[in-house]
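Student: I have a new model open and would like to learn how to read it. Could you walk me through its features?

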Amino acid sequence: MFAKISKKFEEIWNKENGVVMAEITSREKLDEKSLKKIENFIKEKYVAKKVLIKNITDEKIKGGIVIEVGDEVLDGSIEGQLTRLKNNLTN
């Protein structure tokens, strides 16, 4: 119960203070230059003052990245791009 309250408080506090939390999933750990570019992209897209990034590595991702901010997922993985291309070609 306390964990849920704490998480909700964190969400409200972050929103009020312009803080965005993002999970970046990639095949390998991203370098500082790449993380900075992603941070700037997220700041602009979500009009954030500060971005807290958690870089998760997942060998299932063949390449590219997946960005999760709240309930929104921006799938820039190779598999995601191929799936969208397949869907566009078959429709």
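Tutor: Gladly! Helices here are DSSP runs of H or I with at least four residues, numbered from the N terminus. Residues 78-90 form helix 3, and Leu-82 lies in that helix. Keep in mind throughout that this is a predicted model.

Student: Which elements does the protein have, and in what order do they run from the N terminus on?

Tutor: There are three helices and four strands. Reading from the N terminus, the order is α-β-α-β-β-β-α.

Student: What is the mean pLDDT of the protein?

Tutor: First the general idea: where pLDDT is low, the predicted coordinates should not be read in detail. In this protein the mean is 91, and 100% of the residues reach 70 or more. Among the elements, helix 1 (residues 2-16) has the lowest mean, 84, while strand 2 (residues 50-57) has the highest, 96.

Student: Now the overall form. What radius of gyration does the protein have, set against a compact globule of 91 residues?

Tutor: The protein has 15 Å, whereas a compact globule of that length would be near 12 Å. The C-alpha trace spans about 45 × 30 × 25 Å along its principal axes.

Student: And how much of the protein is buried?

Tutor: Buried residues account for 25% of the 91. The accessible surface comes to about 7,300 Å², and carbon and sulfur atoms own 55% of that.

Student: Back to Leu-82, then. Is Leu-82 buried or exposed?

Tutor: Exposed means over 50% relative accessible area. Leu-82 has 53%, so Leu-82 counts as exposed. Leu-82 also has company: together with Ile-78, Leu-85 and Leu-89, it makes a nonpolar surface patch of about 410 Å².

Student: How should I read contacts along the chain?

Tutor: Look at sequence separation. Among contacts between residues at least 6 apart in sequence, 63% join residues at least 24 apart. Tyr-46 gives you a local example, and this residue lies in helix 2 (residues 32-46).

Student: Which residues is Tyr-46 in contact with, leaving aside neighbours within four places in sequence?

Tutor: Those are Val-20, Val-69, Glu-72 and Leu-74. As for exposure, the partly exposed class starts at 20% relative accessible area. Tyr-46 has 23% and therefore falls into that class.

Student: How far apart are the C-alpha atoms of Tyr-46 and Thr-57?

Tutor: They are separated by 24 Å, with the two residues eleven apart along the chain.

Terms used:
Residues numbered from 1 in each chain as written. Predicted model: local features only at pLDDT ≥ 70, side-chain atom pairs only at ≥ 80, totals over all residues. Heavy atoms only, no water. Patch = residues over 30% accessible without salt bridge, like charges linked within 9 Å, V, L, I, M, F, W, Y side chains within 5 Å. Areas by Shrake-Rupley, 256 points an atom, 1.4 Å probe, with all protein chains shown as cover. Salt bridge = Lys/Arg side-chain N within 4 Å of Asp/Glu carboxyl O. Helix = DSSP H or I, 4+ residues; strand = E, 2+ residues; numbered from the N terminus. Buried < 20%, exposed > 50% of the residue type's maximum accessible area, 1.4 Å probe, protein only. pLDDT = per-residue confidence, 0-100. Contact = heavy atoms within 4.5 Å. Rg over C-alpha atoms; globule rule 2.2 N^0.38 Å.
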